[in-house]
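Student: Hello! I am new to this structure and would like a close look at one part of it, followed by whatever helps me place that part in the rest. Could you take me through it slowly?

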Amino acid sequence: LLLHLFINLPRPLHSSSHISSMPVFQQELDTKHDKHERLVKLSRDITIESKRTIFLLHRVTSVQVEGVLTEADLKLDGVRLNIRMMLRSSEERTHQFHRAFTPGIQEYVEAVSFHHFIRHRTLISLEEINTKLVFVKEPEDTPEGQQPMGTPQVLTFQVTPTDYLLGVADLTGELMRMCISSVGNGDMDTPFQVSMFLRQIHDGFSYIGNTGPYEVSKKLHTLRQSLSKVEDACYTLKVRGSEIPKHMLADVFSSRTAMMDQDEGMA
Amino acid sequence: MSVTEMFSYIQAFLSADQEIRADVLLQDIRKVVQVLEQTAREILTLLQSVHQPSGFKEIPSKCTKAKELFCTVRTQLGELKNKFPVEQYYRFHEHWRFVLQRLAFLAAFEVYLESACLMTRDEVAQILGIEVVRKKGFHLDVEDYLAGVLIMASELSRLAVNSVTAGDFGRPLRISNELDSGFRLLNLKNDPLRKRYDGLKYDVEKIEVVYDLSIRGLTKEQEAGGNK
């Protein structure tokens with residue numbers, strides 16, 4: 001019986017090339033996962049810094065606009081450095097890693113367009129955003145031992161139209177806040193400017209409608225809410241602006257917005 | 001640029017993008033993938049018949065047939081390659097991911113039946129007529145290859161049961177054990193690949209049961225142990 005057993009032992013394999021390549025696969029997978037994690041981390045930093053910039057911009061009052069804008073610009077420079085770092089590890093494979101950094105990029109678009117609106121009262125274009133994301137290539141950017149070309153090269157980060165749209169959609173929420181707080185500061189012009197601008201953006205989004213990506217349609221709902229708040233505020237100003245003393249306007253609005261904010265989870 | 005202008009610019013871009021996605025490119029990709037899936041099913045049907053008691057004797061002829069079908073696969077994958085710009089591989093990856101994993105499995109399984117050895121990623125890519133290195137063109141992503149190998153493991157556990165029935169003892173055991181120790185070297189994330197790998201230990205276990213039975217000469221009782 002024993003003999004019979006040995007005869008029937010499995011034949012040895014020719015070569016287990018598969019197993020010898022496992023360490024290679026391990027490395028390949030680890031590299032990919034690491035890259036993904038790095039990008040997620042960078043994206044988080046970008047999100048945090050952009051949010052802080054937005055809070056800073058909310059502290060703008062008509063008195064010290066320039067100072068705040070300059071400070072915000074410095075902050076955004078820091079964010080752009082982070083975007084540059086992302087480029088270093090994900091160039092040309094944006095489709096593979098896009099999910100890792102899209103939240104950060106949207107937040108950046110929001111901050112940059114907010115900054116732009118406060119300064120120029122217009123909507124920053126996608127192109128204007130992208131021109132600020134062109135960086136000169138440095139030696140340490142060249143990945144994995146490729147030889148850099150003779151000419152000085154550039155690294156460009158391209159914000160996709162979808163990320164741009166989603167960022168602009170988030171901007172509307174900030175504009176609504178700005179509108180309400182400017183009323184509180186006794187500023188009678190900003191609310192009307194914001195309301196006009198918001199209406200244009202809302203019309204733009206309606207124009208795109210559901211031809212856009214799915215996330216855009218989701219944001220449209222929130223956008224409508226923000227718009228109606230701003231329009232209500234302007235209405236109240238128009239109708240009762242002559243009746244209510246300025247220092248009391250703030251109370252009128254804060255109670256209104258408090259009620260409205262309850263049913264909405266603004267990030 | 002006014003707000004209206006900006007939005008119509010984006011709109012134009014989106015509809016162009018959608019054009020690409022919905023109409024031309026994607027339709028094309030889907031069509032080719034469908035044909036590929038059809039071929040893959042044919043190969044699968046062909047190779048699955050080795051589980052029949054009589055199937056073991058016919059393995060060589062079945063492999064020859066399968067090889068012919070892989071020629072068709074190569075042609076069809078060649079078509080797929082020409083459907084989109086190569087640097088956008090990962091943009092559409094999801095659309096052929098499934099079929100590519102199945103094809104990797106079929107290629108590996110065919111070679112196993114023929115020579116009882118495991119295939120490297122390069123060999124699988126060669127059979128499918130695609131690249132291994134991303135930069136060179138349409139390639140076999142490492143995760144897809146590994147997924148294919150795991151599909152094969154569960155197929156082998158079935159084969160183990162049936163080969164014992166047919167009187168061929170324990171051949172697949174080594175392969176599965178090797179696979180298991182091989183996969184243990186990987187640091188997987190919580191993704192589909194991980195899920196699939198978690199199923200591997202059951203396959204290994206099952207084969208070991210069958211093997212134990214077979215070396216104890218208890219093949220008569222394997223009906224009880226090997227049945228699902």
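Tutor: Gladly! Let us begin with R158(B), which is partly exposed, with a relative accessible area of 27%. On this scale, buried means under 20% relative accessible area and exposed means over 50%, with partly exposed in between, using a 1.4 Å probe and the protein chains only. Please keep in mind that this is a predicted model, where local features need pLDDT of at least 70 and side-chain atom pairs count only at pLDDT 80 or more, while totals for chains, interfaces and linings use all residues. As for conventions, residues are numbered from 1 along each chain as its sequence is written, chains are lettered from A and ligands numbered from 1 in the order in which they are written, and side-chain values use heavy atoms, leaving out hydrogens and water.

Now for the partner. R158(B) meets E155(B) in a salt bridge, with 3.7 Å from N to O. The term stands for a side-chain nitrogen of Lys or Arg within 4 Å of a carboxyl oxygen of Asp or Glu. Unlike its partly exposed partner, E155(B) is buried, at 9% relative accessible area. Both residues sit in helix α5 (residues 142-165) of chain B, and because they are three residues apart there, about one helical turn separates them. Helices here are DSSP runs of H or I with at least four residues, strands are runs of E with at least two, and both are numbered from the N terminus.

What does the chain around this helix look like? Chain B has eight helices and zero strands, so to read its elements from the N terminus is to read α-α-α-α-α-α-α-α. It has 228 residues, 51% of which count as buried. Its contacts, meaning heavy atoms within 4.5 Å, can be sorted by distance along the sequence: with a separation of 6 or more, 74% are between residues 24 or more positions apart. About 10,700 Å² of chain B is exposed, and carbon and sulfur atoms supply 51% of that area. Such areas come from the Shrake-Rupley method with a 1.4 Å probe; for residues, only the protein chains shown count as cover.

Your pair has company, too: over all chains, the structure holds 21 salt bridges. Some join up, as in the network that links K32(A) with E94(B), R97(B), E143(B) and D144(B).

Chain A offers pairs to set beside yours. K75(A) and E49(A) form a salt bridge at 3.8 Å, N to O. This pair links distant parts of the chain, with K75(A) in helix α4 (residues 65-90) and E49(A) in helix α3 (residues 22-58), 26 residues apart. K75(A) is partly exposed at 26%, and E49(A) is partly exposed at 22%. Another salt bridge joins K219(A) to D170(A), whose closest N and O atoms are 2.9 Å apart. Here too distant parts of the chain are linked: K219(A) belongs to helix α9 (residues 214-240) and D170(A) to helix α7 (residues 161-184), 49 residues apart. Both ends are partly exposed, K219(A) at 24% and D170(A) at 22%.

One last stop, for a buried residue in chain A: T190(A) lies in helix α8 (residues 190-208) and has a relative accessible area of 5%. Not counting residues up to four places away in sequence, T190(A) touches R121(A), M178(A) and S182(A).
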